[in-house]
Amino acid sequence: MMEGEGWRCLWDAKAILGESTIWDDRDGCIYWVDIEAPSVNWYHLESGEKGRWDAPAWISAIAPRASGGFVASCADGFAHIDPRRGIYQPFIHPIPNPKVARLNDGVTDRKGRYWSGSCDSSQWDESTTAEDKESTLGNFEVRSTGELYRLDADGTVSTQERNIVTANGPAFSPDGRIAYVNDSMPLVSWAYDLAEDGTLSNRRDFLTFKPEDGYPDGMAVDVEGCIWMAFYESWMLRRFAPDATLLEERRLPVRRGLRPAFGGTDYSRLFLITGSQGFTPEIFAQQPLAGGLFEILDPPAAGVPNTPFAG
């Protein structure tokens, strides 16, 4: 286990496109997926035991499900999965045209509803480097095929936002009244009011970034209402106050952070999966821990406990 200033590498996993870091109270494990090497992976926090399930199709996000297993965003839409038992059961596909968009990140809100966004497929199918993905595939207006979906406990799916290039997050304030959503490629983070019935309203820019800041990816919220945001292509994990003030930066030993998540028995520990897509041996020599699972040491506040998907 390697450790540096403010971080510890728990698992040198060499994930290609790690996503969906999530703590599971049921078994004391941190879970994450690798989209490009389709799998669900887990790390037992106390023992250090590792596990992996090779999924039958790519999975981009998971969340614990109250009735057992997980709900997942995957190649076949939304699915019920259980990596320990090898179960993969797609049940509904929310994307009107899966050839132009695909599901991406996903989490539950404080009411146990599952939210998952989609992203433009061309960034996966027509590009091979980070530079292609982020900047050279053409007009964002053409590529804004992504949407944001809400999956309710009864299996109903509703579209809550359209015209997104790459949806990441969302994340929710401790009281569940504010939702944060990143559109990574246009370098913007939005805030919304979230009603009791799960309806979004009053979209406003929460943060905007420059390419040199990195591309805003996954998020986690702590009990102070601050947003921890990972940045693809920047080496940084940043903490923002609810008024968007930058409070803290943690420099990582790898350039591609993807999704932070709080965990541990009291949610006082912070974890982050990273990626290594397209890395050459030369880049790995410079970033030998790329694709690793990290713990971010001594966060100033604990996280908000997960709410399992109610369906």
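Which residue stands opposite N182 of β16? It is N168. The model is a predicted one, in which local features need pLDDT of at least 70 and side-chain atom pairs count only at pLDDT 80 or more, while totals for chains, interfaces and linings use all residues. Residues are numbered from 1 along each chain as its sequence is written, and side-chain values use heavy atoms, with hydrogens and water left out.

Start with β16 and its neighbours. Helices (H or I, at least four residues) and strands (E, at least two) are DSSP runs numbered from the N terminus, and two strands pair if DSSP finds at least two bridges between them. On one side, β16 (residues 178-183) runs antiparallel to β15 (residues 167-172), with four bridges joining the two. F172 has A179 as its bridge partner in this pairing. A hairpin links β15 and β16 through five residues, and G176 in that turn has a positive phi of about 75°.

On the other side sits β17 (residues 188-194), which pairs with β16 in the antiparallel sense over six bridges. Here A179 turns up again, this time with Y192 of β17 as its bridge partner. β16 and β17 also form a hairpin, now with four residues in between, and L187 in the turn shows a positive phi of about 65°.

Put together, the strands make an open sheet of four in the order β15-β16-β17-β18, with antiparallel pairing. β15 and β18 (200-208) are the edge strands, each pairing on one side only. From one strand to the next the twist averages 25° (axes are lines fitted to C-alpha atoms, for helices over the stretch in contact, and angles run from 0 to 180 degrees between N-to-C directions).

β16 is mostly covered, with five of its six residues buried (under 20% relative accessible area; exposed is over 50% and partly exposed in between, using a 1.4 Å probe and protein chains only). D183 lies in this strand, and it is buried yet without a salt bridge (a side-chain nitrogen of Lys or Arg within 4 Å of a carboxyl oxygen of Asp or Glu). The nearest side chain of opposite charge, R203, is 7.0 Å away; in this count Lys and Arg are positive and Asp and Glu negative, with His and the chain ends not counted. What the D183 side chain does reach is the backbone nitrogen of V165, at 3.1 Å. Leaving aside residues up to four places away in sequence, D183 touches N163, I164, V165, T166, V188 and W190 (contact means heavy atoms within 4.5 Å).

Elsewhere, charged side chains do pair up: a search of the whole structure finds 20 salt bridges. One of them joins K14 and D12 at 2.6 Å, N to O. K14 counts as partly exposed because its relative accessibility is 35%, and D12 is partly exposed too, at 39%. In another, the closest N and O atoms of D24 and R26 are 2.8 Å apart. D24 is buried at 3%, whereas R26 is partly exposed at 45%. R150 and D152 also meet in a salt bridge, 2.8 Å from N to O; R150 is buried at 9%, and D152 is buried at 17%. Salt bridges that share partners also join R8, R269 and E295 into one network.

A further open sheet takes the order β7-β8-β9-β10, its four strands pairing antiparallel. Its edge strands are β7 (59-64) and β10 (87-92), each pairing on one side only.

Notes
A polar contact is a pair of N or O atoms within 3.5 Å; within protein, one must be able to donate a hydrogen and the other to accept it, and residues adjacent in sequence count only if both atoms are side-chain atoms.
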